[in-house]
Amino acid sequence: MSVKPFIETIKRGWRTMFQRKIYFVLMIVVPLVSTFFFLNLMDSGLPANVPTAVVDEDHSSMSRQVIRSLNASQMLSINDREESFYDAVQKVRTGKVMGFFYIPENFEKDALGGRTPTLSYYCNLTYYVPGSLAFKGFKTVAVTTKGGMVQTKLISAGMDGGEVSSMLQPVVIDQHPIGNPWLNYNYYLSVSFLSALLALLIMQITSLTICSEIKQGTSPEWLRTSGGSMLVAVIGKLIPQTVIWTVVGVAVEAALFKFSHFPLNNHAMHMIVAMFLLVIASQGFATTICCIVPNMRLSFTLCSLIGILTFSIAAFSYPVSSMYPSIGIFSYILPERYFFLIFSDQALNGIPIYYSRWYYVALLLFPLVGMVGLKRLKKHCLNPVYVP
């Protein structure tokens, strides 16, 4: 096979990118700006001061002590003090607060009288991360308040303070999480969000690149440039983008692991190879969609939809093991899932690459699957009919 058609197709791919500003914006500006944004947003390690509210129907010294405990929590910021349960629910529904803490009437009276008052808290888990942090902060204060009430009651009954403390907390737990002993949310969220964003952009640009030839009616000329080979046409068209995406992806990894000092407990080349494979896997995934739906609007929409779903069903924003099996199984048909598993094994845990070998192989399968439907794509390229 002559090398000239391949070289000419690559040149055509470069010209396509330089002719439209959208390629420069989506391939370089958006990833780099997003990296800067996320690293600054999560600089403290986790989101802090989640906006919340409190409903105090008791207005006692004990309820005020509970509110001071809520305010002292790093995770929470008491932005509103509502007078009724209904007002607090409305604030949650409108998104002004992520949850609220409810202190019932006669709370202090029931607590001192030996009865069991109930502290309630409500969280909006539609926004998973801030909702979870609000839940964690509320629960900590509620458990601490309950322990303080029990301690006060037992001491007033004549028990020694040391005995009460050992009874309430017989075992002190010293946690040392493997891979992330600092419990830094930034290490999980930034890596997962940025790589998922890259995969989303790669799929969108790949779909735009391939199907725009059909939309504009230039696909026959594209095939003639490649010597009539659809495989040469697709590979030559995408190689310039692969180079740029890989450079941008490695730059993002450098910002994470080199300059922001994210944990990297293995050789950097393991993650560089994973990024390159993520690029070609995402391109292969988008090519498969273009072969099935050779229409720019529909293929672009499908790539966008699947890319957005990646943030929830394949990333660390929600654990796959906790999903319904009928939903979690879809995470394994997305390239990002295997990149995250490689990141977890190689960067966080630092295990030998041998145990991650199948994840690398899985990423290699996506471009191979994309080649299966090239015959159907060639048929549409030879007779381009754009359906708006």
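This is a short presentation on the fold, the core, the cysteines and the aromatic rings of one protein chain.

Good morning. The structure before you is a predicted model, and every value I quote was computed from it.

I begin with the overall picture. The secondary structure comes to 16 helices and 4 strands. The protein has 388 residues, and 46% of them count as buried. Consider next the contacts in the protein with a separation of 6 or more: residues 24 or more positions apart account for 76% of these.

Let us move to the interior. In soluble globular proteins, nonpolar side chains tend to be buried together. Which residues have the most contacts inside the largest nonpolar core? They are M230, W245, L256 and L377, in a core of 69 residues. Helix 8, residues 185–216, supplies the largest share of this core, namely 15 residues. Another core lies apart from it; this one has 23 residues, among them M42, F107, F138 and V141.

I should like to dwell on L377. If we leave aside its neighbours within four places in sequence, L377 is in contact with I210, I214, M230, V234, C290, C291 and P294. One of these partners, M230, was also named among the residues with the most contacts inside the largest core.

C290 leads us to the cysteines. A disulfide is a covalent bond between the sulfur atoms of two cysteines. How many disulfides does a search of the whole structure find? The search finds 0. Take C211: the nearest cysteine sulfur is that of C290, 3.7 Å away. A disulfide requires the two sulfur atoms to be within 2.5 Å, so this pair does not qualify. C211 itself is buried, with a relative accessible area of 1%. C303 is likewise in no disulfide; for this residue too the nearest cysteine sulfur is that of C290, at 5.7 Å. C303 counts as buried, at 0% relative accessibility.

C303 belongs to the buried residues of helix 12, and the full set is M296, S299, C303, S304, G307, T310, F311 and I313. Helix 12 runs over residues 296–313 and has 18 residues. From its first C-alpha to its last it reaches 25 Å, close to the 26 Å expected at 1.5 Å a residue. What covers the buried residues of this helix? The cover includes helix 8, helix 11 (268–292), helix 13 (325–328) and helix 14 (335–349).

I turn now to the aromatic rings. A pair of aromatic rings is described by the distance of the centres and the angle of the planes. The whole structure contains 19 aromatic pairs, and I shall show you two of them.

In the pair of F85 and Y102, the centres are 5.8 Å apart and the planes stand at 90°, an edge-to-face arrangement. This pair links distant parts of the chain, 17 residues apart: F85 is in helix 4 (residues 85–93), while Y102 is in strand 3 (residues 99–103). F85 counts as partly exposed at 34% relative accessibility, whereas Y102 counts as buried at 16%.

The second pair is F101 with Y121. Their ring centres lie 6.2 Å apart and their planes are at 10°, so this pair is stacked. F101 lies in strand 3 and Y121 in strand 4 (residues 120–123), so the pair ties together parts that are 20 residues apart in sequence. F101 is buried, with a relative accessible area of 0%, and Y121 is partly exposed, at 26%.

Beyond these pairs, F37, F38, F193 and F311 form one aromatic cluster. F311 is one of the buried residues of helix 12 that I listed earlier.

Rings may also have a charge over them. The charged end of K237 sits over the ring of W222, 5.5 Å from its centre. The charged end of R357 sits over the ring of Y354, at 3.9 Å from the centre.

Finally, a word on the backbone. Most residues other than glycine have a negative phi, and most peptide bonds are trans. Where are the residues with a positive value that I wish to point out? H59, with phi near 55°, is found in the loop between strand 1 (50–56) and helix 3 (61–72). N106, with phi near 65°, lies in the loop between strand 3 and helix 5 (107–112). N106 counts as partly exposed, at 38% relative accessibility.

Thank you for your attention.

Key:
Residues are numbered from 1 along each chain as its sequence is written. This is a predicted model: local features need pLDDT of at least 70, side-chain atom pairs count only at pLDDT 80 or more; totals for chains, interfaces and linings use all residues. Side-chain values use heavy atoms; hydrogens and water are left out. Buried means under 20% relative accessible area, exposed over 50%, partly exposed in between (1.4 Å probe, protein chains only). Rings of Phe, Tyr and Trp (its six-membered ring) pair if their centres lie within 6.5 Å; planes under 30 degrees apart count as stacked, over 60 as edge-to-face and the rest as tilted. Helices (H or I, at least four residues) and strands (E, at least two) are DSSP runs, numbered from the N terminus. A charge sits over a ring if NZ of Lys or CZ of Arg is within 6 Å of the ring centre and within 35 degrees of the ring normal. A nonpolar core is a set of buried Ala, Val, Leu, Ile, Met, Phe, Trp, Tyr and Cys residues joined through side-chain atoms within 4.5 Å. Contact means heavy atoms within 4.5 Å. The expected span of a helix is 1.5 Å times one less than its number of residues.
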